[in-house]
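Biologist: I am new to reading protein models. Could you take me through one, feature by feature?

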Amino acid sequence: MIAEIGNFCLVLAFMLSVAQAGVVLAGWRIRGLERFSEGLSLAAALAIIGAFAMLITAFVQSDFSVLNVYQHSHTDKPLLYKITGSWGSHEGSMLLWCLILLVYGAFITLRGGGLSDGLKHKALGVQGLLGAAFTGFTLFSSNPLWRLAEDPNRIWALEKAPLQGLSLNPALQDPGLAFHPPMLYLGYVGFSVVFSFAVAALIEGRLDRAWARWIRPWVLIAWSFLTAGITLGAFWAYYELGWGGWWAWDPVENASFMPWLAATALLHSAIVMEKRDALKAWTVFLGLLAFTFSMLGAFLVRSGLLTSVHAFAVDPQRGILLLTILLVTAGAGFALFALRAPELKPGGLFAPISREAALVANNLLLSAALCSVFLGTLYPILMQAVFNKTMSVGEPYYLAVFGPIMIAAFALIPISALMAWKRADLKAIVQRLGIAFGVASLAAAVGLLLYRGATWWAEAQYLAGLLVGFWLIFGSLKLLWDRAEGKLRRLKGLPLATWGMLLAHIGLGVFVLGAVVETHAKLGATQVMAVGDSLTAGRYQMHFNETFAEMGSNYDAQGGVFSITEQGRAVCDARPQWRYYSASRSSQSEVWLCFTPLSDLYVVMAQPQTLADGRAAWSVRFFYNPWVRLIFFGPLLMAIGGLVSLADRRLRLGVPVKGKKPKSSTEKVEA
Amino acid sequence: MIRGLLAALCLLLAATSALADPVKDEARAEALFREVRCIQCQSESIADSHAPIAADMRRQIREDIAAGKDDNQIREELRARYTDYVLFRPRFALSNLLLWSLPPLIVLLGAGLLFWLNKRSKISRSYDLTPEENEKLREIMKSDD
């Protein structure tokens, strides 16, 4: 019954989305009909919530007559992983995508009080089209609520429901699955609202400062969630996959990073449009681009084109369907843009040295960075498809091409944050920032003294990285100091948007410091070890004391106790495990982290083997990851900065622009 | 005399570079590991991978370094054996022209375009206000106070 109710809800959500788009289209001929899109968006959201609740119920009840539950669950799995398993597969995650898409759609209605009716209903129409496309895709080709007998491929069409499921990939059995995908999707899909507003505004032919103000909260919400989602994903990969790293320039990681870069550019260009009525066409273009890259990511992960630890194994047919959705929606959006953009009147003028110009430079650099990630991700796929040649693009390419572009963008930040609109005085800014640059240089120089690189080139990179990181932090603090005019109580009067910006920029600096120090000063060693063996990495020594066994609810673990010393002084005991999950007949290493506020000692044991003398041994890896915490803490600061900025009263939806009430509402009344 | 000194200096340099410095060698090996793809894994470098083949490739590279081969020699040998797929650093080849040059070109062309637009707008429009506009501005400023 549960699956049938869920399916009914999903069909309902699909029909309501179609109707939501339909009434807006019909509203062209029959006036007033488009008004129903508001109610329909709320109903569609309720329906998809129902469908999702039913999927979770099926997972919690371990209803193995449902194909998706059979494939991804097991009665022995802890409750948390039964629930999170409902979005651990391609089908379930598509339903999560639809859930978030339709709920965002409902929020256009709920929070759209201050919008003009024309814009609101057109945006709801576009959102309805997107909703129909994605719920339709889920319903007809990737339905997580199918019974075994309904499996279109008939592979799993068993006569009777099995008594036990196949269980979830052990790597996914982690609290990370509870937070990372929902956060990430709240980010990805949040850009659908911006996309809808962009298309709606292009149809209306009216793009003004009010529009930029309306989309800003949506961009901020989606951007903050995406930032947090990517960070959580990086942290999860760091402690779960046992490789000691946090970012591999893996195609799927890039797929999440591309919308982030586009959205970061959008966040900044929207400020220019809101404050100065400039960069209109460019801002709308980015608004279309952000969700296009979200959809591209959804397609790439599910296309079967990529080899990646994060990709879903999916047959190419569904990939083609997703690609069609992507090409049709994005194609229509950009075609509309090409038709309408030339009509947009250029707005406020600005001098080459001004806040606007600095933000344009920021956008240019971010676009080039986005281009490098895009090329790096798609080039191997294209080379394979067109020339049948295999190739790889990885870290060395990004360090060489993406790195310098971003360093230039980072270096600009403190300067542009101090610039005045229209025309700025560069000399005065240089004078004001001199002290921040001095302090940053001093800190970077001290950092260099504590580090011995293998080559002068490594030391130069390390120094440049530290300098940029400290520059971001001290430059932002100097701005704060100037705004407060040196008085603490004046800090309270600063607008939340300013606090948000400062937090985000400081967070970026914190991240840069962490990334630079972790990459350059990391220590590591790999060794096959049996009990009694020792391993040395730099000033650390690790001794394998003993083994232990542990029984989890759905796994058997063998573990090792390792005592770590730093130049003879005991630091901590590490207890990593090697787990065997009998339900899925697969193994997974469980990393042990010796936590300190800034740095990690990281121990992982894998690949059990028997030595020639009959002793049991493991391939053991040890890492000292200095300042690694900053890599995850920095982006969280950025996400918090985004949310703080969102809380600024001036940005709340429904608050009319001071002295500039949108004219369209009065026009409508007169008409 | 000077020639002799130079020759001695060259000899000394050659000797120091030939003398294996274990710390430098290990750093070189680690840097190379990050560039080499574990060919049986899912987009992992051999520095990151637990797979036995990654361990074999790491051992091979360490031996190559100990044998005195330079980084490019090691890369070329890997490429000859496993094709371009094994290296995370794409070659500077004509087929990769777009990959390497487009991002910096965007920065350069974008900057050029902005510069040109700025120049053009300066010619066609001036920031200076007309006397009437100045009058209007004064009135607005007054009414704001």
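Modeller: Start with contacts. Two residues are in contact when they have heavy atoms within 4.5 Å. Keep in mind that this is a predicted model.

Biologist: What share of the contacts in chain A with a separation of 6 or more joins residues 24 or more positions apart?

Modeller: In chain A that share is 73%.

Biologist: How many helices and strands does chain A have?

Modeller: Chain A has 18 helices and ten strands.

Biologist: How do I read the overall size of chain A?

Modeller: Use the radius of gyration. A compact globule of 671 residues would come out near 26 Å, and chain A has 27 Å, so the two agree. The C-alpha trace of chain A spans about 90 × 75 × 55 Å along its principal axes.

Biologist: And burial? What percentage of chain A is buried?

Modeller: A residue counts as buried under 20% relative accessible area. By that rule, 58% of the 671 residues in chain A are buried.

Biologist: Give me one case. Is Lys120(A) buried or exposed?

Modeller: Lys120(A) is buried, because its relative accessible area is 7%. This residue sits in helix H6 of chain A, which covers residues 117–141. Leave out residues up to four places away in sequence, and Lys120(A) touches Glu38(A), Ile108(A), Gly112(A) and Leu115(A).

Biologist: Now charges. Why can charged side chains pair?

Modeller: Side chains of opposite charge can pair when their charged atoms come close. Over all chains, the search finds 31 salt bridges.

Biologist: Which parts does the pair Glu204(A) and Lys122(A) tie together?

Modeller: First, the bridge. The side chains of Glu204(A) and Lys122(A) meet at 3.0 Å, N to O. Glu204(A) lies in helix H7 (residues 176–204) of chain A and Lys122(A) in helix H6, so the bridge ties together parts 82 residues apart in sequence. Glu204(A) is partly exposed, at 29% relative accessible area. Lys122(A) is buried, at 18%.

Biologist: What salt bridges should I look at within chain B?

Modeller: Take Lys69(B) and Asp64(B). Their closest N and O atoms are 3.5 Å apart. Lys69(B) is partly exposed, with 23% relative accessible area, while Asp64(B) counts as buried at 7%. Next, look at Asp84(B) and Arg79(B), which meet in a salt bridge of 2.9 Å, N to O. Both Asp84(B) and Arg79(B) are buried. They belong to a network of salt bridges that links Glu76(B), Arg79(B), Asp84(B) and Arg91(B).

Biologist: How do I read the place where the chains meet?

Modeller: Begin with the residues on each side. Here 40 residues of chain B are in contact with 43 residues of chain A. Then take the area. About 3,600 Å² is buried between the chains, and carbon and sulfur atoms give 62% of that.

Biologist: How many salt bridges cross the interface of chain B and chain A?

Modeller: The rule finds one. Arg34(B) and Glu395(A) form a salt bridge there, at 2.8 Å, N to O. Between the two chains there are also eight residue pairs in polar contact, both residues being at pLDDT 80 or more.

Biologist: Which elements of chain B give two or more residues to the side that touches chain A?

Modeller: They are helix H2 (22–35), helix H3 (52–66) and helix H5 (97–124) of chain B. H5(B) gives the largest share, 13 residues. By residue type, this side of chain B divides into 21 nonpolar, nine polar and ten charged.

Methods:
Residues numbered from 1 in each chain as written. Chains lettered and ligands numbered in written order. Predicted model: local features only at pLDDT ≥ 70, side-chain atom pairs only at ≥ 80, totals over all residues. Heavy atoms only, no water. Buried area = accessible area lost by both parts, 1.4 Å probe. Salt bridge = Lys/Arg side-chain N within 4 Å of Asp/Glu carboxyl O. Polar contact = N/O pair within 3.5 Å; in protein donor to acceptor, adjacent residues only side chain to side chain. Helix = DSSP H or I, 4+ residues; strand = E, 2+ residues; numbered from the N terminus. Nonpolar A, V, L, I, M, F, W, Y, C, P; charged D, E, K, R; others polar. Buried < 20%, exposed > 50% of the residue type's maximum accessible area, 1.4 Å probe, protein only. Rg over C-alpha atoms; globule rule 2.2 N^0.38 Å.
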